[in-house]
Amino acid sequence: MISIRDLRVAYGPRVVAHVPALDVGAGECVAIVGESGSGKSTTLLAALGLTEGATVSGEVSVCGVDVLRARPRALRAIRGSKAALVIQSPQAALSPTTRLGVLMRRALKLHGVTGPGGIERLMAQACEAVMLDPMILRRYPHEISGGQAQRFAIALAIALGAEVILADEPTSALDVTVQAEVVGVLRRLREERGLALLIVSHDLALVSTIADRVLVMKDGQVVEAGPAEQVFTRPGHPYTRELLEALP
Ligand code: ADP
Ligand code: MG
């Protein structure tokens, strides 16, 4: 679903992210970890063609679209439907005066999604898939918690037919118990719906509970990559060991 080869993203003369290879198949979860400023978000945004002002080279394919060469229109089409970006604090991006149901209905109509049983049914099912009571659709963004907002963002992606979710620090703004809830939802969706997940996080403890493979980034470079079990139990790079030792 996602395939990246020799991706380089530069702002001016400075290469801020270089990723030799990254693949995420259906039902797989790959995580990018590393300290702040290591190039994680840049890599994620480049995968969706969203690094404005940057010089980008290499090969990026998402849901069969050649991201670095596709026309803006083709890119907008996959971004809105097949590939969804989930950000740290989605609440801020929601219009405060619009009920969640209105917002979701509008997004579905915009993309021409109706669902076999009708739009209302599709919306309720998407809520249930992320363990939200569909009654939440009557609420305004400020009336829900951070964890609910994050699950709503995922529900919206699912309703729109997302096959790939790219999540940038999806749980960093949440309490520990709520983090587990959101990760639980993502894990279920990848198992039940074969969703492909690319997650960026500085939280190794959380990543270890969901990722199949891990890329460790430092100063824009991938210093280590491999199966999560291997990276976490037998880290090959001193920087990975440092990250692991910093865990509580
Ligand atoms: P991370 O997500 O790992 O914290 P980022 O990918 O956001 O790191 O940033 C990597 C580096 O790229 C940082 O040094 C940041 O300052 C730089 N950077 C990110 N976006 C821009 C931009 N739009 N213009 C210039 N530099 C940027
Ligand atoms: Mg970031």
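Which residues are around ligand 1? The points below start there.

1. **Ligand surroundings.** This is a predicted model. Around ligand 1 sit Tyr11, Arg14 and Val16. The list continues with Glu35, Ser36, Gly37, Ser38, Gly39, Lys40, Ser41 and Thr42.

2. **Polar pairs with the ligand.** Two side chains and one backbone deserve a look here. Arg14 places a polar side-chain atom 2.8 Å from an oxygen atom of ligand 1. For Thr42, a polar side-chain atom is 2.5 Å from an oxygen atom of the ligand. Ser38 takes part through its backbone: a polar atom there is 3.1 Å from an oxygen atom of ligand 1.

3. **Glu169, a buried acid.** Glu169 sits in the loop that runs between β7 (164-168) and α6 (176-193). The residue is buried, yet has no salt bridge. Lys40 offers the nearest side chain of opposite charge, 4.4 Å away. The salt-bridge cut-off is 4 Å. Lys40 is also one of the residues around ligand 1.

4. **What Glu169 does contact.** Its side chain has a polar contact of 3.1 Å with the side chain of His202. Leaving out residues up to four places away in sequence, Glu169 touches Lys40, Gln88, Val200, Ser201 and His202. His202 therefore does not count as a charged partner here, since His is left out of the charge assignment.

5. **Helix α4.** Which residues of α4 (residues 119-129) are buried? They are Ile119, Leu122, Met123, Ala126, Cys127 and Ala129. These residues lie on the same side of α4, because they cover an arc of only 160 degrees around the axis. The cover over them includes α3 (100-110), α5 (146-159) and α6.

6. **After α4.** Check the backbone just past the helix. Met131, just after α4, has a positive phi of about 60 degrees.

7. **Thr98.** This residue belongs to the loop between β6 (83-86) and α3. Is Thr98 buried or exposed? It counts as buried, because its relative accessibility is 9% and the cut-off for buried is under 20%. The Thr98 side chain makes a polar contact of 2.8 Å with the side chain of Ser95. Beyond residues up to four places away in sequence, Thr98 touches Leu103, Arg106, Tyr140 and Pro141.

Terms used
Residues numbered from 1 in each chain as written. Chains lettered and ligands numbered in written order. Predicted model: local features only at pLDDT ≥ 70, side-chain atom pairs only at ≥ 80, totals over all residues. Heavy atoms only, no water. Helix = DSSP H or I, 4+ residues; strand = E, 2+ residues; numbered from the N terminus. Buried < 20%, exposed > 50% of the residue type's maximum accessible area, 1.4 Å probe, protein only. Polar contact = N/O pair within 3.5 Å; in protein donor to acceptor, adjacent residues only side chain to side chain. Contact = heavy atoms within 4.5 Å. Arc of directions from axis to C-beta. Near = heavy atom within 4 Å.
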